[in-house]
Structure formats: C-alpha cells, structure tokens
Amino acid sequence: MISLNSRDARPIYEQVKDGLRHLMITGGLQAGDQLPSVRTLAATLAINPNTIQRAYDALEKEGYLQSVAGKGSFAAPQDAVTQNRRTALLKQFDDTTAELLFLGLTRQELSTRIQEVHA
C-alpha cells in the first residue's frame with residue numbers, strides 16, 4: 001500500500017500523505033473507500049499514530065479525504081478536491097515550467113512530456 005523510505009529527506013507524514021494521495025489519484029483507492037484507522041495504519045507502518053493523523057488531517061484539508069465522526073476516514077469523490085488545491089498545483093506547475101524553460105527545455109519538449117504523462 002504505502003512504502004516509506006528512511007533515506008527520503010521528506011518527513012514521514014509527507015511520505016504517508018503522498019502515498020495515500022497517489023493511491024487515490026491512480027485509482028488504488030476509489031471514492032468512498034474507507035482508509036485504515038489511524039492506529040491500524042500506524043501499526044502496519046510501525047510509526048507513531050500522531051504521524052498518520054497529521055497526514056490524514058493534511059489530506060482532509062486538501063479535499064482528498066473526508067472524515068466521518070465515529071466511522072472513520074474515506075477517500076473523497078474527485079469533485080470534492082477544492083479549487084484551492086487546483087490553484088496551488090497550477091501555480092507550482094507554472095513555476096516549474098518557467099524554471100525548465102530557463103534551464104533550456106523547449107516548449108515542444110515540455111508539450112511532449114505532458115502528452116507522454118497522459119498517454
């Protein structure tokens with residue numbers, strides 16, 4: 001499900017958050033699927049439950065996850081991802097694109113790359 005890398009410079013909660021987000025985006029977790037409880041996932045990954053809770057909180061804030069009191073956390077429908085998240089990702093995309101152009105990539109190379117990602 002999620003793999004953690006001790007050599008990764010990112011904090012553990014970010015690795016968990018990115019792993020869960022990746023599962024949701026790629027269809028490994030469908031909208032409405034229940035995520036493991038904080039304690040269960042913490043035990044599975046052998047990390048502190050507070051780390052899992054922090055990842056779940058961040059995903060909920062981004063709109064990828066919905067928590068239901070007494071029932072748990074569920075993958076949110078795709079349309080539930082907030083406009084703020086889209087705006088933040090587009091800003092990041094724009095900044096990255098500008099830097100890649102500065103570093104010598106051509107517009108055609110960037111266009112080809114985008115097409116390859118969605119092929």
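Q: Before we look at any pockets, how are residues sorted by class?
A: Ala, Val, Leu, Ile, Met, Phe, Trp, Tyr, Cys and Pro go down as nonpolar, while Asp, Glu, Lys and Arg are charged. The others, Gly among them, count as polar. Keep in mind that this is a predicted model.

Q: And what shows where empty space is left?
A: You roll a probe the size of a water molecule over the atoms. Here, the largest pocket holds about 690 Å³ of space.

Q: Which residues are closest to the centre of the largest pocket?
A: Look for Leu89, Phe93, Ile114, Val117 and His118, which are the closest to the centre out of 14 lining residues. Two elements each give two or more residues to this lining: α4 (83–102) and α5 (107–117).

Q: Which element gives the most to that lining of the largest pocket?
A: That's α4, with 9 residues. Sorted by class, the lining of the largest pocket comes out as 7 nonpolar, 4 polar and 3 charged residues.

Q: What volume does the second largest pocket have?
A: About 360 Å³. Its lining has 15 residues, and Met24, Ile25, Tyr64, Gln78 and Val81 are the closest to the centre. The elements giving two or more residues to this second lining are α1 (12–26) and α4.

Q: Where does the largest share of the second pocket's lining come from?
A: From α4, with 3 residues.

Q: How does the lining of the second largest pocket divide by class?
A: Go back to the sorting we began with: you get 10 nonpolar, 3 polar and 2 charged residues.

Methods: Residues are numbered from 1 along each chain as its sequence is written. This is a predicted model: local features need pLDDT of at least 70, side-chain atom pairs count only at pLDDT 80 or more; totals for chains, interfaces and linings use all residues. Side-chain values use heavy atoms; hydrogens and water are left out. On a 1 Å grid over the protein atoms alone, a cavity is a set of points where a 1.4 Å probe fits but cannot get out, and a pocket is an open set with protein on both sides within 12 Å along at least five of seven lines; lining residues have an atom within 4 Å of a point. Grid points are joined across faces, edges and corners, and a volume is the space filled by probe spheres set on the points. Helices (H or I, at least four residues) and strands (E, at least two) are DSSP runs, numbered from the N terminus.
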